[in-house]
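Please look through the sequence and the model shown below before reading on. The report that follows takes up the pairing of strands, then a bond between two cysteines, and then the chain as a whole.

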Amino acid sequence: QVQLVDSGGGLVQAGGSLRLSCAASGRTFSSIAMGWFRQAPGKEREFVAAISWSGRNTYYGDSVKGRFTISRANAKNTVYLQMNSLKPEDTAVYYCAAVLLASQSGYKYGAHEYDYWGQGTQVTVSS
C-alpha cells in the first residue's frame with residue numbers, strides 16, 4: 001500500500017503562483033510513477049501532469065502546458081506541481097496519484113491507470 005498526502009492549495013489571484021506537494025509513504029517502490037489530476041465542480045476529473053520515477057520523462061495536459069511544471073524528489077518521496085500564471089479556470093480540487101510500473105522511465109496519464117490517490121487540495125484562483 002502507498003499513502004499519499006497532497007498539500008499546498010489555497011486562494012490566489014489570477015496571474016499568481018502556487019506549489020503543490022504530494023508526500024508518499026508506506027510501501028514505496030523504486031518504480032512509482034506519479035501524476036496530478038484536477039476536478040472542478042460539475043466536471044470530470046482532468047489530467048494535469050505526470051512524471052516517471054526517474055524524473056526524466058514528464059507529460060502535461062494541453063491546458064497547463066508552459067505554465068505548470070511537475071518535478072519530484074525521490075529521496076523525500078515527494079512530487080511537486082509548480083503552477084504559474086494561474087487562471088480562474090484552474091480552480092479545482094487537485095489530486096496526486098501514484099502507480100507502480102515496471103519501468104523507471106514510464107508514466108501514465110489516464111486516471112483509471114492509477115492505483116493510489118491523495119485526498120485532494122483545493123486551489124481557487126480569483127479574477
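## Strand E9 and its partners

Strand E4, which covers residues 32–39, is joined to E9 by 8 bridges, and the two strands run antiparallel. One pair to look for in the model, which is a predicted one, is Arg 38 with Tyr 94, its bridge partner in E9. In general, the strands of a sheet are held in pairs by hydrogen bonds of the backbone, and such a pairing may be parallel or antiparallel.

E9 also pairs with strands that come later in the sequence. With strand E11 (residues 121–126) E9 shares 3 bridges, again in the antiparallel sense, and here Ala 92 stands opposite Val 123 in E11. With strand E10, made up of residues 116–117, E9 forms 2 bridges, and this pairing too is antiparallel; Ala 97 has Trp 117 in E10 as its bridge partner. E9 is also mostly covered, since 7 of its 9 residues are buried.

## The disulfide

Which residues does the disulfide join? The bond runs from Cys 22 to Cys 96, with a distance of 2.1 Å from S to S, and a pair of cysteine sulfur atoms counts as a disulfide when the two lie within 2.5 Å. By this rule the count for the model is 1 disulfide. The bond links distant parts of the chain, for Cys 22 belongs to strand E3 (residues 18–26) and Cys 96 to strand E9 (residues 92–100), and the two cysteines are 74 residues apart.

Are Cys 22 and Cys 96 buried or exposed? Both of these cysteines are buried, which is to say that each has under 20% relative accessible area. The torsion about the S-S bond of Cys 22 and Cys 96 is about 55 degrees, and the disulfide is therefore right-handed.

## An open sheet of four strands

E3, the strand that holds Cys 22, is also part of an open sheet of 4 strands, whose order is E1-E3-E8-E7 and whose pairing is antiparallel. The edge strands of this sheet are E1 (2–7) and E7 (68–73), each of which pairs on one side only. From one strand to the next, the twist averages 15 degrees.

At the E7 edge, 6 bridges join E7 to strand E8 (residues 78–83), and these two strands run antiparallel. Within this pairing, Ser 71 stands opposite Tyr 80 in E8. As a general point, the side chains of a regular strand alternate between the two faces of the sheet.

## The chain as a whole

How many helices and strands does the protein have? The secondary structure comes to 0 helices and 11 strands, and the pattern read along the sequence is accordingly written as β-β-β-β-β-β-β-β-β-β-β. Among the contacts with a separation of 6 or more, 60% are between residues 24 or more positions apart.

The C-alpha trace spans about 45 × 25 × 25 Å along its principal axes. A compact globule with 127 residues would have a radius of gyration near 14 Å, and the protein has 14 Å, so the value agrees with that expectation. Of the 127 residues, 44% are buried, while the protein exposes about 6,400 Å² of area, 47% of which is supplied by carbon and sulfur atoms.

Technical notes. Residues numbered from 1 in each chain as written. Predicted model: local features only at pLDDT ≥ 70, side-chain atom pairs only at ≥ 80, totals over all residues. Heavy atoms only, no water. Pairing = 2+ DSSP bridges. Axes fitted to C-alpha atoms, helices over the stretch in contact; angles between N-to-C directions. Buried < 20%, exposed > 50% of the residue type's maximum accessible area, 1.4 Å probe, protein only. Rg over C-alpha atoms; globule rule 2.2 N^0.38 Å. Contact = heavy atoms within 4.5 Å. Areas by Shrake-Rupley, 256 points an atom, 1.4 Å probe, with all protein chains shown as cover.
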